[in-house]
Every structure is written in C-alpha cells, then in structure tokens.
Amino acid sequence: QSIVDSLVEPYRSEFLARISKNDTPLENYRREDYRYMESYFAADQFVLSTLKPEEQALISKYQATSNPQERSILREARGVGDIPVVSNYLSEVSKFKRRLRELDPELDARLALWRGLSPVNDKSNARLTTLRQQYGLH
C-alpha cells in the first residue's frame with residue numbers, strides 16, 4: 001500500500017484502476033472489506049502509542065527477535081508497578097481488538113469471513129450470513 005500512498009493524483013487513480021481492472025466482484029468486496037478492517041489491524045500500534053518510549057522500545061525489540069530465549073527474557077521485563085510490559089501490552093491489544101469486534105458487528109462479520117475468526121455475538125453472526133449470501137459464498 002505504500003506505493004499507492006506515494007502516488008499523487010491523477011496517477012494514483014489511474015494506478016488503482018489499472019491494477020484492479022480484471023478483479024472479480026469477490027476481489028472487490030475483499031478489498032473494500034480490508035479497508036473497513038484497517039482500524040482493527042492498527043489496534044496494536046494504537047495501544048503501543050499509549051505506552052512510554054522505553055516500554056515501546058522493549059516491545060519493538062520483543063517483536064523483532066525470533067530467538068526464543070531472548071523473547072522469554074524480554075517477556076519477563078517489568079515496568080512501572082512491577083507489571084510485565086510485554087505481557088501487559090499483548091493483553092491490552094487482545095482486549096482492545098475484542099472490544100472493537102463487540103462494538104462493531106460489521107467489522108466482526110468481515111473478520112470472520114476473511115480471517116476465519118469466530119463471530120463474538122449473534123449480530124455479527126447474522127451479518128456474516130448476510131455477507132456470505134451477498135458475496136455468493138453460501
């Protein structure tokens with residue numbers, strides 16, 4: 001998406017039209033749905049932005065390493081109030097995303113459809129059924 005963001009009009013519109021000219025209706029639905037879900041995918045960055053710089057640095061280091069031993073050590077690092085920074089961050093992201101889904105059945109239904117998540121409530125499940133029918137995915 002950074003390529004698209006770097007383009008100015010009229011090149012941006014022309015580029016988007018060209019790359020999507022052969023898309024099926026389902027691909028168009030998917031693209032629109034992913035735009036709708038951007039807030040959900042940005043939740044971790046939002047939660048991260050609420051933390052202190054040193055906590056952000058610790059979490060970034062944790063996310064950047066694939067070494068299980070280093071990850072384990074970083075996961076145990078404690079911040080203010082002797083709270084494990086990484087574990088607390090991951091928990092807050094999870095709660096934030098769950099709340100977004102509870103508050104927005106449309107978002108939740110789209111996440112269920114495209115990401116395989118289970119709907120969190122009956123409204124989301126009903127909307128999921130409607131989307132499947134609308135998209136021809138009975």
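## Questions on a predicted model

Me: In this predicted model, which residues does Arg110 touch, not counting residues up to four places away in sequence?
Reply: Arg110 is found in helix H9. Leaving out residues up to four places away in sequence, its contacts include two other arginines, Arg115 and Arg127. The full set is Asp33, Tyr36, Met37, Arg115, Arg127, Leu131 and Tyr135.

Me: Is Arg110 buried or exposed?
Reply: Buried means under 20% relative accessible area. Arg110 has a relative accessibility of 12%. Arg110 therefore counts as buried.

Me: Where is Asp33 found, and is Asp33 buried or exposed?
Reply: Asp33 is one of the residues that Arg110 touches. Asp33 is found in helix H3, residues 25-36. Its relative accessibility is 1%, so Asp33 counts as buried.

Me: Which residues does Asp33 touch, not counting residues up to four places away in sequence?
Reply: Residues up to four places away in sequence are set aside here. Arg110 is one of the contacts. The whole list is Arg110, Leu113, Trp114 and Tyr135.

Me: With which residues is Tyr135 in contact, leaving aside its neighbours within four places in sequence?
Reply: Asp33 and Arg110 are among the contacts of Tyr135. Two more, Leu113 and Trp114, also touch Asp33. In full, Tyr135 meets Leu26, Tyr29, Asp33, Arg110, Leu113 and Trp114.

Me: Which residues do ring pairs link into a cluster?
Reply: The structure holds five aromatic pairs. Tyr135 is in contact with both Tyr29 and Trp114. Ring pairs link a cluster of Tyr29, Trp114 and Tyr135.

Me: How are the rings of Tyr34 and Phe41 arranged?
Reply: A pair of aromatic rings is described by the distance of the centres and the angle of the planes. For Tyr34 and Phe41, the centres are 5.7 Å apart and the planes are at 20°. Planes under 30 degrees apart count as stacked. The pair is therefore stacked.

Me: What is the relative accessible area of Phe41?
Reply: The ring of Phe41 pairs with that of Tyr34. Phe41 is partly exposed. Its relative accessible area is 29%.

Me: How many residues make up the largest nonpolar core, and which helix supplies the largest share?
Reply: The largest nonpolar core has twelve residues, including Tyr34, Met37, Trp114 and Tyr135. Helix H9 (105-115) and helix H10 (122-134) each supply at least two of them. The largest share is six residues, and the helix is H9.

Me: How many residues does another core have, apart from the largest one?
Reply: This other core lies apart from the largest one. Leu48, Leu58, Leu74 and Tyr89 are among its members. Its residues number ten.

Me: Where does Leu74 lie, and is Leu74 buried or exposed?
Reply: Leu74 lies in helix H7, residues 68-76. Leaving aside neighbours within four places in sequence, its contacts are Leu58, Lys61, Tyr62, Thr65 and Val86. Its relative accessible area is 8%, so Leu74 is buried.

Me: How is H6 set against H8?
Reply: Two packed helices are described by the angle between their axes and the distance between the axes. Helix H6 (residues 53-64) and helix H8 (residues 85-103) pack at about 85°, with axes 10 Å apart. That angle makes H6 roughly perpendicular to H8.

Me: Which residues in H8 meet those in H6?
Reply: From H6 come Glu55, Leu58, Ile59, Tyr62 and Gln63. By class, the contact has seven nonpolar, one polar and one charged residues. The H8 side is Val85, Val86, Tyr89 and Leu90.

Me: Which residues does a cis peptide bond join?
Reply: Most peptide bonds are trans. Pro10 has its place in the loop between helix H1 (2-6) and helix H2 (11-20). Omega is about 5° at the cis bond, which joins Glu9 and Pro10.

Me: What is phi of Asp82 near?
Reply: Asp82 lies in the loop between H7 and H8. At 53% relative accessibility, Asp82 counts as exposed. Its phi is positive, in a residue other than glycine, and near 60°.

Me: What separates the C-alpha atoms of His138 and Lys61?
Reply: His138 has its place in the segment after H10. At 78% relative accessibility, His138 counts as exposed. His138 and Lys61 are 77 residues apart along the chain, and their C-alpha atoms are separated by 44 Å.

Terms used:
Residues are numbered from 1 along each chain as its sequence is written. This is a predicted model: local features need pLDDT of at least 70, side-chain atom pairs count only at pLDDT 80 or more; totals for chains, interfaces and linings use all residues. Side-chain values use heavy atoms; hydrogens and water are left out. Helices (H or I, at least four residues) and strands (E, at least two) are DSSP runs, numbered from the N terminus. Buried means under 20% relative accessible area, exposed over 50%, partly exposed in between (1.4 Å probe, protein chains only). Contact means heavy atoms within 4.5 Å. Axes are lines fitted to C-alpha atoms, for helices over the stretch in contact, and angles run from 0 to 180 degrees between N-to-C directions. Angles under 35 degrees count as roughly parallel, over 145 as roughly antiparallel, 65 to 115 as roughly perpendicular and the rest as oblique. Ala, Val, Leu, Ile, Met, Phe, Trp, Tyr, Cys and Pro count as nonpolar, Asp, Glu, Lys and Arg as charged, and the others, Gly among them, as polar. A nonpolar core is a set of buried Ala, Val, Leu, Ile, Met, Phe, Trp, Tyr and Cys residues joined through side-chain atoms within 4.5 Å. Rings of Phe, Tyr and Trp (its six-membered ring) pair if their centres lie within 6.5 Å; planes under 30 degrees apart count as stacked, over 60 as edge-to-face and the rest as tilted.
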